[in-house]
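Please open the structure in your viewer and keep the selection panel at hand. The tour below proceeds one selection at a time.

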Amino acid sequence: MNKGVIITLPRHDDVTEYISQFSKEIIDEAQSRGIPVKELKDKSCSLVEFEKIVNGLNYKLIVLNGHGSEDAICGYKNEVLVQIGVNEQILKDKLTYARSCDAGVKLGPEAMKLNDCGCFIGYELPFVFYHDSQRETNPLKDNTARLFLEPSNAIPISLLKGNLAKQAHENGKRFILKNIRKALRQKTNDAVGFAEGLWNNYMGQVLLGNPEAVL
Amino acid sequence: MNEKSSTAHREEISELLKELVITRIEAQMPSNLKMSIGSYGSFTKNQLIQHVTDDDEIGRQVMKMHIRFIRAQANGQLVDALNSVADE
């Protein structure tokens, strides 16, 4: 397997636009470390392209941005990229971070069944974040969304730094807790709402597969 | 309590929980923000309130999120978790 990262960037609605734009920080981290990055943007975030790239490049780290369900993760316009009973084995022995709802419930465990040295970090609950409708044309300037998406980015960034899967998982969770503290210190009306959403993501985040998995 | 009054009781609790969540959304969420909930999409404050009122799938997800948080506050889980990062 090769050291490198494949990252899906579907960008077909405001949710996928936000998570794709915030993924720039993950891409920048990889590039700063000389780790090759293959971006699957927009229409290239299709099943055919995804399978071709994953199998062809054989990069170890896969970052999946997109809508999901308990048994599938989607790409552009919700075309299914990975699904139980179809191609979940494509994630075997990879380090996968799935910023997709609920995929940690069934797809993650199934993908890790024959796994040896890989991991799946994802969510057992819908991933939640607030965003400012006045910032939708420039998501990276949206500090409300940043409160939620930076802790999420911390997971693949931690893997890129060479940390073990369990450390990356823990780093992500601790970042969420620090942002809950930060929000609550503001003592504004929206603080509790932000804390609720962050807590949802904290409780939903799961690490499956090999906790010692490393890039 | 017989079955009929038990059902009525459960419905009353359910309505109270709905009211509680709606009150929290009204108090906590500024109107310029949207909440993105997984694959369901992004919703304004008024849309969230409508979904909770309608008791549909989205409304139930929102209610679960609120109840999860309230429970964590009440049983100390939230405080314990926050204290674990207190010195960082």
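**A tour of the interface**

Begin by selecting A:Glu196 and B:Arg24, whose side chains form a salt bridge with an N to O distance of 2.2 Å. Please bear in mind throughout that this is a predicted model.

Next, display the side of chain B that touches chain A. Five elements of chain B each contribute at least two residues to that side: the helices α1 (3–28), α3 (57–75) and α4 (77–83), together with the strands β1 (33–37) and β2 (41–43). Which of them gives the most? Select α3(B), which supplies 6 residues. Colouring this side of chain B by residue class shows 15 nonpolar, 12 polar and 4 charged residues.

Now select strand β8 of chain A, residues 128–132, along with β1(B). In what sense do the two strands pair? The pairing is antiparallel and extends over 5 bridges. To examine one partnership in particular, select A:Phe129 and then B:Ser36 in β1(B), its bridge partner.

Finally, select both chains and consider the interface as a whole. Here 31 residues of chain B are in contact with 35 residues of chain A. Together the two chains bury about 2900 Å², and 60% of this area lies on carbon and sulfur atoms. How many salt bridges cross the interface of chain B and chain A? The rule finds 2, and the pair A:Glu196 and B:Arg24 meets in a salt bridge. Between chain B and chain A there are also 15 residue pairs in polar contact, counted where both residues have pLDDT 80 or more.

Definitions and conventions. Residues numbered from 1 in each chain as written. Chains lettered and ligands numbered in written order. Predicted model: local features only at pLDDT ≥ 70, side-chain atom pairs only at ≥ 80, totals over all residues. Heavy atoms only, no water. Contact = heavy atoms within 4.5 Å. Buried area = accessible area lost by both parts, 1.4 Å probe. Salt bridge = Lys/Arg side-chain N within 4 Å of Asp/Glu carboxyl O. Polar contact = N/O pair within 3.5 Å; in protein donor to acceptor, adjacent residues only side chain to side chain. Helix = DSSP H or I, 4+ residues; strand = E, 2+ residues; numbered from the N terminus. Nonpolar A, V, L, I, M, F, W, Y, C, P; charged D, E, K, R; others polar. Pairing = 2+ DSSP bridges.
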